[in-house]
Amino acid sequence: MTSKLDDIIKQLKEHRSAFDDELNNAQRPEEVEGLRIKYLGRKGIITGYFSFLGQIPADEKPRLGKELNIVKGYLQSKIKERGDGQKGGKSSKDLFDATLPGIEPRLGRRHPLSLVLRDIKEIFKSLGFVVATGPELETDYYNFEALNLPKNHPARDLQDTLYIGENLVMRTHTSPVQVRTMEKQQPPIRMISPGRVFRRDTVDASHYPTFHQVEGLCVDQGVSFADLRGVISAFARKLLGEDVRIRFRPSYFPFTEPSAEYDISCTNCGAKGCRVCKGSGWLEISGAGMVNPAVFKHVGYDSEKYTGYAFGMGVDRIAMLRYQISDIRILYENDVRFLQQF
């Protein structure tokens, strides 16, 4: 006749066998955790057997305690082994489904400003222009004085911006690159200078204190304003479509004479008037004109022999026209939802 202790040990073996079967059928981490609670929790099956230690004779307690610890240790080791496997151990291969699709990487997109700038460069290259670049931190001389803007000139008020020192300024346009280019070579010159510039503009739907420009320069014998208009018109039609219209308005710039501002018909509203063009149907791109002889004097060109034209354009505003963007600030918010459209 078996004793009570033998019955308890037999039950422990049966519970251990049942645990093995249940663990083999467990697939998810939460199922394994459920087994741990069921058998080893505060009110678990195996935990409950420890109460029998106070109900059996003292000479049998060591044997029961040993058996309980063996079963408890076995269950704990199996649960730990399964947990390690699910976290990436050797047994995790049994849970890995190779037929599941992989994680698709997110592909980058070109920013609309980069797209427009690339096309602007290609168009002007096809017209015989070369691309030149220069520093964003510029000297007062190249940014102002060499462009016929001496100190205390009233026209500086529209461009005075971030000074790093008495004679260092974050460039307000890319025209300094034109001066640097003319210093290095003699005419003929046909070049554009793209880049980022800085102004103290008040932020609104069409203005931002940091923006991008492309400025162009052509110097040779016999260059006229008609050449300037032809180049700007050809460029606009190539970039924005044959229906785009260009208009020139008389203006003043110290570095050109005569000078003009030129506008492109607003493609956002079909020239009917909208928030972007402020109801006018036109969007100002930038200024242009014939190079002032005073600028030629700074670089040592003979203004009696050579003439030239210069022009500028805001890349941001052209991007707004091309992609019908109603607010320039969207270009600088780094909203992935916006950028994914391009």
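**Strand S8, the sheet and the largest pocket**

Let's start with strand S8, residues 282-291. It is mostly covered, with 9 of its 10 residues buried. Keep in mind that this is a predicted model.

Who are the neighbours of S8? On one pairing, S8 meets strand S7, residues 256-265. The two run antiparallel, with 8 bridges between them. Look at Ser286 in S8: standing opposite is Tyr262. S8 also pairs with strand S9, residues 307-314. That pairing is antiparallel too, and it has 3 bridges. Find Ala288, and its bridge partner in S9 is Phe311.

Now zoom out to the sheet. It is open and has 7 strands. Reading across, the order is S1-S4-S5-S9-S8-S7-S6, and the pairing is mixed. Which strands stand at the edges? Strand S1, residues 130-131, and S6 do. Each has a single partner strand, so one side of each lacks a neighbour in the sheet.

Move to S9 and its pairing with S5. These two are antiparallel, joined over 8 bridges. One pair to pick out on screen is Val219, which faces Gly308 in S9. A general reminder while you look at strands: in a regular one, side chains alternate between the two faces of the sheet.

Next, the largest pocket. How much space lies in it? About 860 Å³. Its lining counts 42 residues. Nearest the centre are Arg199, Gln213, Phe253, Glu284 and Ser286. We have met Ser286 already, as the residue opposite Tyr262.

Which element gives the largest share of the lining? S8 does, with 7 residues. Several elements supply at least two lining residues each. The helices are H7, 175-184, and H10, 315-323. The strands are S5, 210-220, S6, 246-253, then S7, S8 and S9. On chemistry, the lining splits into 21 nonpolar, 14 polar and 7 charged residues.

H10 deserves its own stop. This helix is mostly covered: 7 of its 9 residues are buried. The buried ones are Val315, Asp316, Arg317, Ile318, Ala319, Met320 and Leu321. Note that Asp316 and Arg317 are on that list. What covers them? The cover for the buried residues of H10 includes helix H5, 112-126, and helix H8, 225-240. It also includes strands S5, S7, S8 and S9. Right after H10 comes Gln324, with a positive phi near 55°.

Back to the end of S8. Asn292 sits in the loop between S8 and helix H9, 293-299. Is Asn292 buried or exposed? Its relative accessibility is 14%, so Asn292 counts as buried; the cut-off for buried is under 20%. A polar atom of the Asn292 side chain lies 3.1 Å from the backbone oxygen of Pro254. Leaving aside residues up to four places away in sequence, Asn292 touches Asn148, Pro254, Phe255, Thr256 and Glu257.

Last, a residue with the opposite label. Gln341 lies in the segment after helix H11, 336-339. With 61% relative accessibility, Gln341 counts as exposed, because the cut-off for exposed is over 50%. How far apart in space are Gln341 and Phe248? They are 33 Å apart, C-alpha to C-alpha, and 93 residues apart in sequence.

To recap. S8 pairs with S7 and with S9. S8 also gives the largest share of the lining of the largest pocket.

Notes
Residues are numbered from 1 along each chain as its sequence is written. This is a predicted model: local features need pLDDT of at least 70, side-chain atom pairs count only at pLDDT 80 or more; totals for chains, interfaces and linings use all residues. Side-chain values use heavy atoms; hydrogens and water are left out. Buried means under 20% relative accessible area, exposed over 50%, partly exposed in between (1.4 Å probe, protein chains only). Helices (H or I, at least four residues) and strands (E, at least two) are DSSP runs, numbered from the N terminus. Two strands pair if DSSP finds at least two bridges between them. On a 1 Å grid over the protein atoms alone, a cavity is a set of points where a 1.4 Å probe fits but cannot get out, and a pocket is an open set with protein on both sides within 12 Å along at least five of seven lines; lining residues have an atom within 4 Å of a point. Grid points are joined across faces, edges and corners, and a volume is the space filled by probe spheres set on the points. Ala, Val, Leu, Ile, Met, Phe, Trp, Tyr, Cys and Pro count as nonpolar, Asp, Glu, Lys and Arg as charged, and the others, Gly among them, as polar. A polar contact is a pair of N or O atoms within 3.5 Å; within protein, one must be able to donate a hydrogen and the other to accept it, and residues adjacent in sequence count only if both atoms are side-chain atoms. Contact means heavy atoms within 4.5 Å.
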